[in-house]
Amino acid sequence: MAWDFLSSIFKTAGKGSSIMGGINLAVQGYSLYQSRKQANQIEATGQQNAELLQLDAQQARASARDRIKIRRLQARKDVGAQRAAFAASGVAVFEGSPLLVYNETLANAQADVDAIEEETNLNILRAKMGGQIQTYQANSLAGATRINATKDFAGSILDTFTPRPSLEEVISNAIKIN
């Protein structure tokens with residue numbers, strides 16, 4: 001692919017230009033090709049980083065589901081242990097103060113579940129924003145790389161194909177000015 005690019009530059013530069021101008025143009029063209037290739041790699045890396053952050057978000061969701069299951073199971077065990085303790089002491093387990101204790105235990109467990117969900121949502125949001133920032137930064141850097149490479153190449157073409165005055169023309173113009 002690089003050779004195709006360079007051969008097209010040689011064909012363009014071949015007629016009416018000096019050998020050094022053609023070589024200079026070919027070198028600049030290859031530099032442009034490499035810069036654009038680098039820009040594509042920067043974009044690809046940014047996209048990969050964004051995808052990794054999305055995987056992190058998915059793992060955070062899975063981890064949160066597991067933590068929530070564990071916390072709810074623990075709350076059920078706690079209520080069961082409380083019922084057993086109340087029953088062993090001869091207290092009616094489904095009315096009065098024991099019922100308030102169970103409700104408080106379950107409310108505390110639900111508060112823990114809500115905190116886990118909130119933390120998870122925040123982590124997911126961070127991952128999504130991080131992915132968007134990674135993509136934006138990579139695209140910006142790649143764009144700047146392409147622009148600078150194209151600008152350098154265009155300047156090189158102008159330098160190569162701008163006619164240079166001969167020594168006689170320089171002397172003639174100098175005499176006319178004086």
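**Entry 1: Arg83 and the ring of Tyr102**

I began with Arg83 and found that its charged end sits over the ring of Tyr102, 5.2 Å from the centre of that ring. I note here that the model I am reading is a predicted one, so each value below is computed from predicted coordinates. I then asked whether Tyr102 is buried or exposed. At a relative accessibility of 2%, Tyr102 counts as buried, because the cut-off for that word is under 20%.

**Entry 2: the aromatic pair**

Next I looked for paired aromatic rings, and the count came to one pair. Its members are Phe86 and Tyr102, whose ring centres lie 6.2 Å apart with the planes at 70°, and the pair is edge-to-face because planes over 60 degrees apart are classed that way. I wrote down where the two partners lie: Phe86 belongs to helix H2 (residues 19-88) and Tyr102 to helix H3, 16 residues apart, so that the pair links distant parts of the chain. Phe86 has a relative accessible area of 21% and is therefore partly exposed, since buried would need a value under 20%.

**Entry 3: Thr105**

I moved on to Thr105, which I found in helix H3, a helix that covers residues 97-161. Its relative accessible area is 12%, and Thr105 is therefore buried. Which side chain makes a polar contact with the side chain of Thr105? I found that of Gln82, at 2.8 Å. When I set aside the neighbours within four places in sequence, the residues in contact with Thr105 were Ala75, Asp78, Val79 and Gln82.

**Entry 4: Arg71**

I turned to Arg71, which lies in helix H2. With 18% relative accessibility, Arg71 counts as buried, because this value falls under the 20% cut-off. Leaving out residues up to four places away in sequence, I listed what Arg71 touches: Asp78, Asn108, Ala109, Asp112 and Val113. Asp78 had already appeared in my notes as a contact of Thr105, and here Asp78 is touched by Arg71.

**Entry 5: Leu125**

Last I looked up Leu125, which is found in helix H3. Is Leu125 buried or partly exposed? At 48% relative accessibility, Leu125 counts as partly exposed, because exposed would require a value over 50%. I also checked Leu125 against Ala57: these residues are 68 apart in sequence, while their C-alpha atoms are 8.1 Å apart in space.

Technical notes
Residues numbered from 1 in each chain as written. Predicted model: local features only at pLDDT ≥ 70, side-chain atom pairs only at ≥ 80, totals over all residues. Heavy atoms only, no water. Helix = DSSP H or I, 4+ residues; strand = E, 2+ residues; numbered from the N terminus. Buried < 20%, exposed > 50% of the residue type's maximum accessible area, 1.4 Å probe, protein only. Polar contact = N/O pair within 3.5 Å; in protein donor to acceptor, adjacent residues only side chain to side chain. Contact = heavy atoms within 4.5 Å. Phe/Tyr/Trp six-rings, centres within 6.5 Å; stacked < 30°, edge-to-face > 60°. Lys NZ or Arg CZ within 6 Å of the ring centre and 35° of its normal.
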